[in-house]
Amino acid sequence: MRRKTEVKRLAFIEAAGKLFLNRGFSAVTMESIAAAAKSSKVTLYNYFSSKEELFEAWAFEAGKGAFEQLVAAIDDNMEPRDVLFRVGTAYLKLITKQEVISINRLIIGEVERFPQLAQRFYAVGPKRTLANLILAVDSLVVRGALVDQDANKMAVHFKAFCEGTMFEKLIWGIDSLPSEDDIRVLVADAVDRFILFYGNEAKSS
C-alpha cells in the first residue's frame with residue numbers, strides 16, 4: 001500500500017475510534033466518520049465496507065507495537081524464566097495500553113446490542129494474544145522446562161497470574177495505569193508462581 005493511501009486509511013481509523021469513544025458505537029455513522037476525517041463517504045467506502053470493519057481495524061491498530069513485542073519475546077536461546085518474564089511483561093504492556101482499555105470498556109457497554117463487536121475484537125485482540133502465550137508456554141514444554149500438560153490451560157493460568165486483580169481495576173477506573181516498575185514487580189511474582197506450579201524441577205523434586 002502506498003504511503004499516501006495508508007495515511008488516509010489510518011485517518012479514517014483514528015476518526016472512527018474517537019467517535020466510537022465519544023458517542024458510542026450505535027450513534028456513529030459512516031457519514032460522521034467521513035466528516036470527522038475531512039473526507040467523503042464515497043472515499044471512506046473505498047477503504048471500509050462498514051463501521052464494524054472500521055471498529056475491527058481500530059482494535060487491531062490499538063494493539064500494534066505492543067503485540068509485536070509479545071511475539072518477539074519468545075526466544076529459544078534465553079533461559080526459561082527470562083522467556084516467561086519477557087512474555088509476561090509484553091503481555092501486560094499490551095493490555096494496559098490506554099487505547100486497549102478504552103476499547104474493552106466500549107465493548108462492555110455495547111455487547112448486548114452489538115455482540116458482533118465483541119466477536120471482532122476477540123478475534124483481532126484477545127484470541128491472537130492468547131495464541132502467542134500458548135506458543136510461549138508450549139516452547140518451554142518442548143524444552144523440558146515446564147511439565148507436559150495442556151498448553152492452552154497453562155497459558156490461561158499464566159495470563160491470570162500476570163493480571164491478578166490489576167486489569168479489572170483498570171477497566172473499572174479504580175486504579176491508574178501501572179508504571180514499568182509496577183509491571184516488572186507483577187510479572188516477576190507471576191513467573192515465580194507459574195514455575196512453582198508448572199516447573200519441571202518443582203514437579204520432579
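This passage describes how four helices pack in a predicted model. Local features rest on pLDDT of at least 70 and side-chain atom pairs on pLDDT 80 or more, while totals for chains, interfaces and linings use all residues. Residues are numbered from 1 along each chain as its sequence is written, and side-chain values use heavy atoms, without hydrogens or water.

Helices here are DSSP runs (H or I, at least four residues), numbered from the N terminus. Helix α9 covers residues 126-142. The helix has 17 residues. Its first and last C-alpha atoms lie 24 Å apart, close to the 24 Å expected at 1.5 Å a residue. The expected span is 1.5 Å times one less than the number of residues. G144 follows α9 and has a positive phi, near 85°.

The buried residues of α9 (buried: under 20% relative accessible area, 1.4 Å probe, protein chains only) are T129, L130, N132, L133, A136, V137, S139, L140 and V141. They pack against α5 (66-72), α6, α10 and α12. S139 counts as buried because its relative accessibility is 15%. Leaving aside residues up to four places away in sequence, S139 touches I74 and D76. Such contacts mean heavy atoms within 4.5 Å.

Helix α10 spans residues 151-163. Its 13 residues should span 18 Å at 1.5 Å a residue, and its end C-alpha atoms are 18 Å apart, which agrees. Within α10, the residues A151, M154, A155, F158, C162 and E163 are buried. Their cover includes α6, α9, α11 (166-171) and α12.

α9 packs on α10 at an angle of about 110°, with the axes 8 Å apart. α9 is therefore roughly perpendicular to α10 (65 to 115 degrees). Axes are lines fitted to C-alpha atoms, for helices over the stretch in contact, and angles between N-to-C directions run from 0 to 180 degrees. The crossing is right-handed (the near helix is turned clockwise from the far one by less than a right angle). On the α9 side, L130, L133, I134, V137, D138 and V141 take part. They meet A151, N152, M154, A155, V156 and K159 of α10. The contact divides into 9 nonpolar, 1 polar and 2 charged residues. Nonpolar covers Ala, Val, Leu, Ile, Met, Phe, Trp, Tyr, Cys and Pro; charged covers Asp, Glu, Lys and Arg; the others, Gly among them, are polar.

α10 also meets α6. The axes of α6 and α10 come within 10 Å and cross at roughly 65°. This crossing is right-handed. From α6, L84, V87, G88, Y91, L92 and I95 make the contact. From α10, the contact is made by F158, K159, C162 and E163. These residues divide into 7 nonpolar, 1 polar and 2 charged.

α6 (residues 80-95) packs on α12 (residues 180-198) as well, with axes that come within 9 Å and cross at roughly 135°. The two helices are therefore oblique to each other (neither under 35, over 145 nor 65 to 115 degrees). Their crossing is right-handed. α6 contributes R81, L84, F85, G88, T89, L92 and K93. α12 contributes E180, I183, R184, L186, V187, A188, V191, D192, F194 and I195. The contact holds 10 nonpolar, 2 polar and 5 charged residues.

F197 also lies in α12. With a relative accessible area of 43%, F197 is partly exposed (from 20% to 50%). Its C-alpha atom is separated by 46 Å from that of A11, 186 residues apart along the chain.
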